[in-house]
There are 2 protein chains.
Amino acid sequence: MKFEETVSHLLSRVATAHKAHLEKRLAGVGLHGGQLSVLFELWRRDGRRQVDLAREIGLATPTVNKILNGMIEVGLVDRTRLEDDARATRIYLTDEGHAIRSRVEEVWLEVEEELLSEFTETERYILFDLLTKVRNYYFGIDPDQTNE
Amino acid sequence: MKFEETVSHLLSRVATAHKAHLEKRLAGVGLHGGQLSVLFELWRRDGRRQVDLAREIGLATPTVNKILNGMIEVGLVDRTRLEDDARATRIYLTDEGHAIRSRVEEVWLEVEEELLSEFTETERYILFDLLTKVRNYYFGIDPDQTNE
DNA sequence: CAGTTATTATTAGCCGGCTAATTATCATTG
DNA sequence: CAATGATAATTAGCCGGCTAATAATAACTG
């Protein structure tokens, strides 16, 4: 049996390499990979509860808690206790968290472009489409239920 | 800017989900994800040095060292010092390491089938092809240089 | 209103990826 | 042969994913 000839194996391999590559690029702006997904979500909408953030990003709450601790340390976000619910906290971007956005977007586009450098426009679309199909299989067709 | 609409983002997301799914399935045969890639390589050829193993799999030597320690503990492989080179070690599959193969292959095929359950034959081929292209970009077209 | 259940954040601890630094050994070269 | 350099394994320690277990608080229910 040839494990190397499965999509499963290819996917793991490619993703690991891509992640490593992304990490190196992000080092240039002083970020880690995990912080990105959180930043993306916060740039979309600020001041959310951790649990909502985690659900939206698709990570476990302890994972984003750990990432957030690091981001607070380097001054990218602030954590504020809710007034009407002493259990929950809201996460707000600091000025630095906002300011870093344009630089990150630049890096992000570069990484995307490098990843797809050998691909035609059509191939890019097809790859995106097929990966979307896999994502929908794993996450279910998410109806973007943004509760508060 | 829409990060969600990049292949980069999709790839990370899908790979994370797939990895988690694989991990759950492997628990059924008492394995962890990292041990798989090592087993694949050992099933291909037994008794290799750690450094060669690592290079072939595409992982850093400390990573495979850590994985191998776990595999030795559960009795999947043995580590033997080379006679003509006291620095190096060879890794051999134990009987258990051989015996587990068929069960793992079963699980592996199931996972692959689940991943691609919604895909036509053509789509599967295309996805494999495109991912291969990405892999070749990141690893270079590996000329399978198997030194000893 | 008292007790139970559910929710939020957190902690602890595992796995697997990495780099940097150590240790031991081999190889080379002067 | 002595010194230097290269190589193999290992250790330490970081990041990011996870589950399980705690603590605090809300919410529900009898």
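A residue is near a molecule or strand when one of its heavy atoms lies within 4 Å of it. This is a predicted model, in which local features need pLDDT of at least 70, side-chain atom pairs count only at pLDDT 80 or more, and totals for chains, interfaces and linings use all residues. Residues are numbered from 1 along each chain as its sequence is written, chains are lettered from A and ligands numbered from 1 in the order written, and side-chain values use heavy atoms, without hydrogens or water.

**View 1. Protein surface near DNA strand C**. DNA strand C is surrounded by 25 residues. The closest are A:Val51, A:Asn65, B:His32, B:Ala60 and B:Lys66. Sugar or phosphate holds 66% of the strand C atoms within 4 Å of the protein; bases hold the rest. The surface residues divide into eight nonpolar, nine polar and eight charged. Here Ala, Val, Leu, Ile, Met, Phe, Trp, Tyr, Cys and Pro count as nonpolar, Asp, Glu, Lys and Arg as charged, and the others, Gly among them, as polar.

**View 2. Polar contacts to phosphates of DNA strand C**. A polar contact is a pair of N or O atoms within 3.5 Å; within protein, one must be able to donate a hydrogen and the other to accept it, and residues adjacent in sequence count only if both atoms are side-chain atoms. The side chain of A:Asn65 places a polar atom 2.4 Å from a phosphate oxygen. For A:Gln50, a side-chain N or O atom is 2.7 Å from a phosphate oxygen. B:Gly34 uses a backbone N or O atom, at 2.8 Å from a phosphate oxygen. Two or more residues of this surface come from each of helix 3 (50–57), helix 4 and strand 2 (77–81) of chain A, and helix 2 and helix 4 of chain B. Helices (H or I, at least four residues) and strands (E, at least two) are DSSP runs, numbered from the N terminus.

**View 3. Polar contacts to DNA strand D**. Among the closest of the 25 residues around DNA strand D are A:His32, A:Lys66 and B:Asn65. Sugar and phosphate make up 69% of the strand D atoms that come within 4 Å of the protein. A:Ala60 has a backbone N or O atom 2.8 Å from a phosphate oxygen. A polar backbone atom of A:Ala86 lies 3.0 Å from a phosphate oxygen. B:Arg87 reaches a base oxygen: a side-chain N or O atom is 2.9 Å from it.

**View 4. Interface between chain A and chain B**. Contact means heavy atoms within 4.5 Å. By that cut-off, 48 residues of chain B meet 48 residues of chain A. The chains bury about 5200 Å² between them, 73% of it on carbon and sulfur atoms. Buried area is the accessible area (1.4 Å probe) that two parts lose on being put together, summed over both. B:Phe3, B:Val7 and B:Tyr138 supply 13% of the area that chain B buries against chain A, more than any other three residues.

**View 5. B:Gln35 in helix 2 of chain B**. B:Gln35 counts as buried because its relative accessibility is 8%. Buried means under 20% relative accessible area, exposed over 50%, partly exposed in between (1.4 Å probe, protein chains only). The B:Gln35 side chain reaches the backbone nitrogen of B:His32 at 3.1 Å. Beyond four places in sequence, B:Gln35 touches B:Gly30, B:Ile67, B:Gly70, B:Met71 and B:Leu76.
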